[in-house]
Amino acid sequence: DKRGLLEVRELQSEVDLLPRVHGSGMFLRGDTQVLSIVTLGGPGDKQLLDTMEEEGEKRYMHHYNDAPYTYGDARPMRGPGRRAIGHGALAERALLPVLPTEADFPYTIRVVSEVMGSNGSSSMASTCGSSLSLMAAGVPITKPVAGIAMGLASDLEGTGAWKVLTDLQDVEDGPGGMDFKIAGTKDGVTAMQMDTKTKGLTMDIIKQAIHQSKDARMHLLKNMTD
């Protein structure tokens with residue numbers, strides 16, 4: 001699309017779109033658009049966990065919905081699949097370090113991210129939307145969190161040439177070999193997740209992706225805080 005390697009697509013952030021919810025935020029990056037909605041409840045509304053892996057309670061939940069129209073498809077509606085559950089969990093993990101303590105804010109918090117359109121890293125757009133909606137709802141998070149997906153244009157098994165690409169789109173995923181999602185605040189990284197189609201990545205590629213993502217994150221955070 002003639003973007004530079006370091007260029008983030010057009011951004012738009014908005015809060016308080018929905019009049020009768022506790023908080024809402026919309027984040028748009030290129031053709032990826034996410035509407036996140038916050039619902040607050042009392043301490044008794046915590047989710048009870050009783051599974052093979054863990055037991056206990058959960059006071060912050062993030063759920064991610066990607067309906068068929070998200071991808072321009074016309075097909076039956078189904079419950080969330082593994083991809084949607086994983087994307088929701090990644091965005092949830094990115095916000096956990098900035099949430100207030102239960103002593104400071106005793107409410108149970110649920111965020112639902114409705115993905116209106118997806119063309120590259122809707123999970124990181126959900127992270128940005130969650131930050132906007134939490135702040136709109138009056139949840140005193142310590143810092144806003146933003147996330148970006150880093151891609152790769154490479155010929156690692158041929159010439160060895162490579163370039164890291166900021167703000168990965170769907171069409172740029174796959175052939176290059178990397179989808180590296182990095183979320184964080186202005187001060188540091190809170191979550192990351194990567195998948196690669198190569199036989200491995202060099203430490204130089206990883207370092208470049210992390211440094212390059214910080215510049216993009218600062219750009220996103222400025223748009224959100226404005």
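Two strands count as paired if DSSP finds at least two bridges between them. With that in hand, look at strand S8 (residues 146-154) and strand S10 (residues 178-184): 6 bridges join them, and they run antiparallel. This is a predicted model, so local features need pLDDT of at least 70 and side-chain atom pairs count only at pLDDT 80 or more, while totals for chains, interfaces and linings use all residues. Residues are numbered from 1 along each chain as its sequence is written, and side-chain values use heavy atoms, with hydrogens and water left out.

**The overall picture**

- The protein has 3 helices and 11 strands; helices (H or I, at least four residues) and strands (E, at least two) are DSSP runs, numbered from the N terminus.
- Going from the N terminus on, the elements read β-β-β-β-β-β-α-β-α-β-β-β-β-α.
- The C-alpha trace spans about 60 × 40 × 35 Å along its principal axes.
- A compact globule of 226 residues would have a radius of gyration near 17 Å, and the protein's 18 Å agrees with that. The radius is taken over C-alpha atoms, and the globule rule is 2.2 Å times the number of residues to the power 0.38.
- Buried residues make up 47% of the 226 residues, where buried means under 20% relative accessible area, exposed over 50%, and partly exposed in between (1.4 Å probe, protein chains only).
- About 11,600 Å² of the protein is exposed, and carbon and sulfur atoms supply 52% of it. These areas come from the Shrake-Rupley method with a 1.4 Å probe, and for residues only the protein chains shown count as cover.
- Take the contacts (heavy atoms within 4.5 Å) between residues at least 6 apart in sequence: 67% of them join residues at least 24 apart.

**The sheet around S8 and S10**

- S8 and S10 belong to an open sheet of 4 strands, in the order S9-S8-S10-S11, with antiparallel pairing.
- Strand S9 (162-166) and strand S11 (189-196) each have a single partner strand, so one side of each has no neighbour in the sheet.
- Neighbouring strands here are turned by 20° against each other on average, direction ignored.
- Between S8 and S10, Met150 has Phe180 in S10 as its bridge partner.
- Helix H1 (residues 82-95) lies across S10 and S11, running at about 150° to S11. Axes are lines fitted to C-alpha atoms, for helices over the stretch in contact, and angles run from 0 to 180 degrees between N-to-C directions.

**Salt bridges**

- The structure holds 14 salt bridges, each a side-chain nitrogen of Lys or Arg within 4 Å of a carboxyl oxygen of Asp or Glu.
- One of them pairs Lys46 with Glu57, with the closest N and O atoms 3.5 Å apart. Lys46 sits in the loop between strand S3 (32-41) and strand S4 (47-50), and Glu57 is in strand S5 (residues 55-58), 11 residues apart. Glu57 counts as exposed at 53% relative accessibility.
- Asp187 and Lys143 also meet through their side chains (3.5 Å, N to O). Asp187 is in the loop between S10 and S11 and Lys143 in the loop between helix H2 (122-136) and S8, so the pair ties together parts 44 residues apart in sequence. Asp187 is exposed, at 54%, whereas Lys143 is partly exposed, at 28%.
- Lys197 forms a salt bridge with Asp195, where the closest N and O atoms are 2.8 Å apart. Both ends are partly exposed: Lys197 at 45% and Asp195 at 33%.
- Asp1, Arg3 and Glu172 are joined into one network by salt bridges that share partners.
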